[in-house]
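Thanks, everyone. I'll walk through one model today, a few contacts at a time. Please have it open on your screens.

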Amino acid sequence: QVQVVESGGGSVQPGGSLTLTCQASGNVFAFYDMGWYRQAPGKEREMVAMSDITNAKNYGNIRKGRFVLSRDNAKNTVDLEMRSLQPEDTAIYYCYVQGRVPSPSGPKTRDFWGRGTQVTVSS
């Protein structure tokens, strides 16, 4: 089965930094899109940063340069470096992985999610 495991969440002061790591593994032909979403209390889940298999990147509504996505296809990891964190960044951050997987009827493209990791920014 495909596993998606996040790490690196925690609590920081405003202006601080955190790096989240997502490790994907499993019986796949390839991982396509990989990246991060987040969901704050009372808010809709939003895309934070995403990369495709070519490592082309898309960022959500984040000030340019504040968050940086790094993907390593050899390791099947995607890191989210977060800087200048503010209280509004407080959320559960979820790793998203799109994988091409075998199935009895042939290969399929499926979406996979990590369990989420909490990021809390407070003074």
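Let's start with rings. Y37, Y96 and W113 form one aromatic cluster. Before the details, the ground rules. This is a predicted model, in which local features need pLDDT of at least 70 and side-chain atom pairs count only at pLDDT 80 or more, while totals for chains, interfaces and linings use all residues. Residues are numbered from 1 along each chain as its sequence is written, and side-chain values use heavy atoms, with hydrogens and water left out.

Now, the pairing rule. Rings of Phe, Tyr and Trp (for Trp, the six-membered ring) pair if their centres lie within 6.5 Å; planes under 30 degrees apart are stacked, over 60 edge-to-face, and the rest tilted. By this rule the count comes to three aromatic pairs. One of them is Y37 with Y96, and that pair is edge-to-face. The centres are 5.9 Å apart, with 70 degrees between the planes.

Which parts does that pair tie together? Y37 lies in strand β4, residues 30–39, and Y96 in strand β9, residues 91–101, so the pair joins parts that are 59 residues apart in sequence. Strands here are DSSP runs of E, at least two residues long, and helices are runs of H or I, at least four; both are numbered from the N terminus.

Are these two rings buried or exposed? Buried means under 20% relative accessible area, exposed over 50%, and partly exposed in between, with a 1.4 Å probe and protein chains only. Y37 is partly exposed, at 22% relative accessibility. Y96 is buried, at 8%.

Next, a charge over rings. The criterion is NZ of Lys or CZ of Arg within 6 Å of the ring centre and within 35 degrees of the ring normal. R45 lies over the face of Y94, at 3.9 Å from the ring centre. The charged end of R45 also sits over the ring of W113, 4.9 Å from its centre. So W113 appears twice: in the aromatic cluster, and under R45.

On to the disulfide, defined as a pair of cysteine sulfur atoms within 2.5 Å. The structure holds one. C22 and C95 form it, with sulfur atoms 1.9 Å apart. The link is left-handed, with -85 degrees about the S-S bond. C22 lies in strand β3, residues 18–25, and C95 in strand β9, so this link ties together parts that are 73 residues apart in sequence. C22 is buried, at 0% relative accessibility. C95 is buried as well, with a relative accessible area of 0%.

Now strand β7, residues 67–72. Its side chains alternate. F67, L69 and R71 point to one face and are buried. V68, S70 and D72 point to the other and are not.

What does β7 pair with? The partner is β8, in the antiparallel sense, over six bridges. Two strands pair if DSSP finds at least two bridges between them. V68 stands opposite E81 in β8. The two strands form a hairpin with four residues between them. In that turn, N76 has a positive phi of about 55 degrees.

Just before β7 comes R66, in the loop between β6 (57–59) and β7. R66 is buried, at 10% relative accessibility. What does its side chain reach? For polar contacts, I count N or O pairs within 3.5 Å; within protein, one atom must be able to donate a hydrogen and the other to accept it, and residues adjacent in sequence count only if both atoms are side-chain atoms. The side chains of R66 and D89 are joined by a polar contact of 2.6 Å. A polar atom of the R66 side chain also lies 3.1 Å from the backbone oxygen of S84.

S84 deserves a look of its own. It sits in the loop between β8 and β9. It is not a glycine, yet its phi is positive, about 50 degrees. S84 is partly exposed, with a relative accessible area of 31%.

Last stop: T90, in the loop between β8 (77–82) and β9. A polar atom of its side chain lies 3.0 Å from the backbone oxygen of P87. A polar atom of the T90 side chain lies 2.9 Å from the backbone nitrogen of V121. Contact means heavy atoms within 4.5 Å. Leaving aside neighbours within four places in sequence, T90 is in contact with A40, P41, Q118, V119, T120 and V121.

That's the tour.
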